[in-house]
Amino acid sequence: MQDLNKAYRELETKFAQDQEVLGRLIGRLSQACKGQLTELDNKLAKLRVALEKNTDLDNISPLIVQVEELLQQQSSQNDAELQSAKKSFLDSSSLLQKSKGLEPDTRRQLRLIIDQAQQPELILPQLLPLMQALSSLYADTLAYLHQNQGSDSDNAQLEKNNAVLVDNLIEVLNSFEFDEQISVQINTQRKRLREAESANTVATVCTDLMRIILDAVQNERSGSEQFLSRLNASLEKINVALGESLDSSDKLRELKEHTEQQIRQQLQNMSVDVEEGEKLEELKTQINSRLDTISNLLEKRSDQTDLETKLQSSLRTMNERLVQLEKEAQQYQVQLNEQHQKLFIDSLTNIPNRAAFDERYELEFERAKRYDSNLNLAVIDIDHFKKINDTFGHTAGDKTLAALGRLLKKWLRSSDFVARYGGEEFVAILPEISPKDCAIALQQLCDKVAAIPFVYRGEKLQITISIGAASADFSKSRLDLFERADKALYQAKNNGRNQIIAADK
Ligand SMILES: Nc1nc2c(ncn2[C@@H]2O[C@H](COP(=O)(O)OP(=O)(O)OP(=O)(O)O)[C@@H](O)[C@H]2O)c(=O)[nH]1
């Protein structure tokens, strides 16, 4: 029972530690995802507060599902942005491809970047360098055409081509969403493009655009890297915390170990994903799936909490049963004591029997021997008892035995011990009295019994007793003391009965 209670306390501590670990996980995730999506920020903050308040896991699970949905939503939004940007890129590329007078090398490079943009696993950050390359090809084409300008009709064609290229380039720029700072710079370049009067100006604007876009791509890349490293650091801390938490658990650890290992595995996997994942989109998809698994595991944990509640109630029942059993055991003990008593009581005289005497005799003998104090033993026998039986019947004999038992108990000292040894024979242990005083006391006993007017069915009965007494010699055994007392009784009988004979040592 104590073991189970201990196990419970450990389980409670473990639960609190796990709650703390989850709290930290959410805290780190919110930090890592900060600014990705406002609603996601809010939900993560709410989740963190719920965990800090030790809210029930049942209430937290729906919040986790919401966070997952938001991550999913952001992922879909990114997909849509990518598709639209990809379409604009490919449209602009094919327009440039159709341009007349395209240098062969430019055409080859253009084909290359179109192929890359058509890769099925393409992600948004990968499209940005392609866009930068496309802008560069536009600039090269403009410069090439400008150098090779010839007749007026060629010039007119060149102007026309310029206009088409500028329109395309503006369309490409429109298809991308940049952060505020970049957007301001791009808009300035867009305006310059519209107002450009010569191919040269267009080429300069294109070069400036390339630089701006290159910076944007680098920013995006370093932003992603920061995100990844923050997330990685958080996951590492969570792994350590979870490891410590696992170490502290004991008895009922097995109940939760499986789930916790799975959660730990998920966290480790996430950590590996972060370390290996160069692509932000890929990483988000992986994290989504990990969160899915963790959410399922949390549901499982909540089932385990149910199990704990059931266990607790069964423990209560067990406890009640135990209290009940303790009561029953106490009653049983009382009954046993009573039965034990009965085993040592003579049912006819209601005084201790021979078994009780044997036990007490050993005890008193050893005690007196230890303190070297007096110990006397008296063997008491009713004289001519057979005659009583024969004359008045067995019932009269029984009543005589019972009466004598009561008298012996009454007249001997409370520190003395008297038992019915068997038949009409009684034994008495008389400690801490000198043999002489003992003999006097026993003689008085003989006299008292003889003076009692026993009456049975109106007839008077003369009852006398003979006593053989002996005083303990501790250099000899208990048996020796008994035998000397028994021999003395024999002498008392032989001497005429109704007397006490004290044996010499
Ligand atoms: N009524 C009754 N008689 C018993 C009981 N136990 C033993 N007796 C009888 O006690 C008698 C003992 O007789 P004896 O051993 O000859 O001794 P006694 O008649 O007392 O003679 P002395 O001891 O020599 O004085 C026997 O008749 C037994 O049957 C008992 O529990 N109840």
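**Close-up 1. K493 and R497 at the ligand in this predicted model.** A polar side-chain atom of K493 sits 2.8 Å from an oxygen atom of the ligand. R497 also brings in its side chain, with a polar atom 3.0 Å from an oxygen atom of the ligand. On its own the ligand would expose 660 Å², and the protein buries 67% of that.

**Close-up 2. The shell around the ligand.** There are 16 residues around the ligand, and the ones that come nearest are H384, N389, D398, R420 and K493. The backbone joins in too: a polar backbone atom of H394 lies 3.2 Å from a nitrogen atom of the ligand. Strand 1, helix 12 (385-392) and helix 13 are the elements that each give two or more residues to this shell. Helix 13 gives the most, with 4 residues.

**Close-up 3. Helix 14 from end to end.** Helix 14 runs through residues 435-451, so 17 residues at 1.5 Å a residue should span 24 Å. The C-alpha atoms at its ends are 24 Å apart, just as that predicts.

**Close-up 4. The two sides of helix 14.** C438, L442, L445, C446, V449 and A450 are the buried residues here. Look down the axis of helix 14 and these buried residues fall within an arc of 130°, so they line one face of the helix. K436 and A451, on the other side of helix 14, are exposed.

**Close-up 5. What covers the buried residues of helix 14.** The cover includes helix 13 (394-411) along with several strands. Among them are strand 1 (375-382), strand 3 (425-431) and strand 4 (454-456). Strand 6 (465-471) and strand 7 (500-502) also belong to this cover.

Definitions and conventions
Residues are numbered from 1 along each chain as its sequence is written. This is a predicted model: local features need pLDDT of at least 70, side-chain atom pairs count only at pLDDT 80 or more; totals for chains, interfaces and linings use all residues. Side-chain values use heavy atoms; hydrogens and water are left out. The expected span of a helix is 1.5 Å times one less than its number of residues. Buried means under 20% relative accessible area, exposed over 50%, partly exposed in between (1.4 Å probe, protein chains only). The arc is that of the directions from the helix axis to the C-beta atoms. Contact means heavy atoms within 4.5 Å. A residue is near a molecule or strand if one of its heavy atoms lies within 4 Å of it. A polar contact is a pair of N or O atoms within 3.5 Å; within protein, one must be able to donate a hydrogen and the other to accept it, and residues adjacent in sequence count only if both atoms are side-chain atoms. Accessible areas come from the Shrake-Rupley method with a 1.4 Å probe; for residues, only the protein chains shown count as cover.
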